[in-house]
Amino acid sequence: NVVLLQAAFNAKPVDGMTAVVTYTNYRGVAKTETLKVEDNNGFAMVSVNSLAFADYETMVTITLYNADGTVVGTVTDSMASYAFRANNTLAKALMKFCASAYAYFI
């Protein structure tokens, strides 16, 4: 019932680092959440698990902050954008499923 969208930043995770995620879901509802930053082999990794399959074209912005509030980096991506870049059979099948979910729920 959800898709995990992950982003890795070329920054070493440090104590107090947070990530703020913003997007407008497929129903037009604006969402903002603060997420924990994980250490993935020296890279700051953020996992967004609040997206529904129908949110596949939703642009999600993730901003990484140091403990003092300074911005470390920002990325904007979507499941559809990732699938386009991946350009493989599994990604294409996932996008067909997501488009179907979107059509069903709208």
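Helices here are DSSP runs of H or I at least four residues long, and they are numbered from the N terminus. With that in hand, a quick tour of this predicted model can start at a loop.

**Two asparagines with positive phi**

Asn87 sits in the loop that links helix H1 (79–86) to H2. Its phi is near 45 degrees, a positive value in a residue other than glycine. Asn41 also has a positive phi without being a glycine, in this case near 55 degrees. Asn41 belongs to the loop between strand S4 (38–40) and strand S5 (43–51). Are these side chains buried or exposed? Asn41 has a relative accessible area of 73% and Asn87 has one of 51%; the cut-off for exposed is over 50%, so both count as exposed.

| Residue | Loop | Phi | Relative accessible area |
|---|---|---|---|
| Asn41 | between S4 and S5 | near 55 degrees | 73% |
| Asn87 | between H1 and H2 | near 45 degrees | 51% |

**The open sheet**

Now for the strands. Four of them make an open sheet, and reading across it gives S3-S2-S6-S7, with antiparallel pairing. Strand S3 (30–36) and strand S7 (71–77) are the edge strands: each has a single partner, so one side of each is left without a neighbour in the sheet. From one strand to the next, the twist averages 15 degrees.

Strand S2 (residues 18–24) is a good place to look at the pairing in detail. S2 and S3 are held in the antiparallel sense by seven bridges. Among the pairs, Val20 has Thr34 of S3 as its bridge partner, and Thr22 has Thr32 of S3. These two strands form a hairpin with five residues between them, and in the turn Gly28 takes a positive phi of about 85 degrees.

Which strand does S2 meet through five bridges? That is strand S6 (residues 60–65), which runs antiparallel to S2. One of the pairs here joins Val21 to Ile62 of S6.

What do the two faces of S2 look like? In a regular strand the side chains alternate between the two faces of the sheet. In S2, the covered face has Ala19, Val21 and Tyr23, while the uncovered face has Thr18, Val20, Thr22 and Thr24. Val20 and Thr22, the residues that bridge to Thr34 and Thr32, are thus on the uncovered face, and Val21, the partner of Ile62, is on the covered one.

**The end of H2**

Phe105 is part of helix H2 (residues 89–105). How much of Phe105 is accessible? The relative accessibility is 44%, so Phe105 counts as partly exposed. Leaving out residues up to four places away in sequence, Phe105 touches Tyr26, Arg27 and Ala54. The pairing with Ala54 spans 51 residues of sequence, yet the two C-alpha atoms are 7.4 Å apart in space.

**The largest pocket**

Finally, the empty space. The largest pocket holds about 230 Å³. It is lined by 15 residues, and Leu4, Met79, Tyr82, Ala83 and Leu94 are the closest to its centre. Strand S1 (3–9), H1 and H2 are the elements that give two or more residues to this lining. Which of the elements gives the most? H1 does, with five residues. Sorted by class, the lining has eleven nonpolar residues, two polar ones and two charged ones.

Key
Residues numbered from 1 in each chain as written. Predicted model: local features only at pLDDT ≥ 70, side-chain atom pairs only at ≥ 80, totals over all residues. Heavy atoms only, no water. Pairing = 2+ DSSP bridges. Axes fitted to C-alpha atoms, helices over the stretch in contact; angles between N-to-C directions. Buried < 20%, exposed > 50% of the residue type's maximum accessible area, 1.4 Å probe, protein only. Contact = heavy atoms within 4.5 Å. 1 Å grid on protein atoms, 1.4 Å probe; cavity = no way out; pocket = protein on both sides within 12 Å on 5 of 7 lines; lining within 4 Å. Points joined across faces, edges and corners; volume = space filled by probe spheres on them. Nonpolar A, V, L, I, M, F, W, Y, C, P; charged D, E, K, R; others polar.
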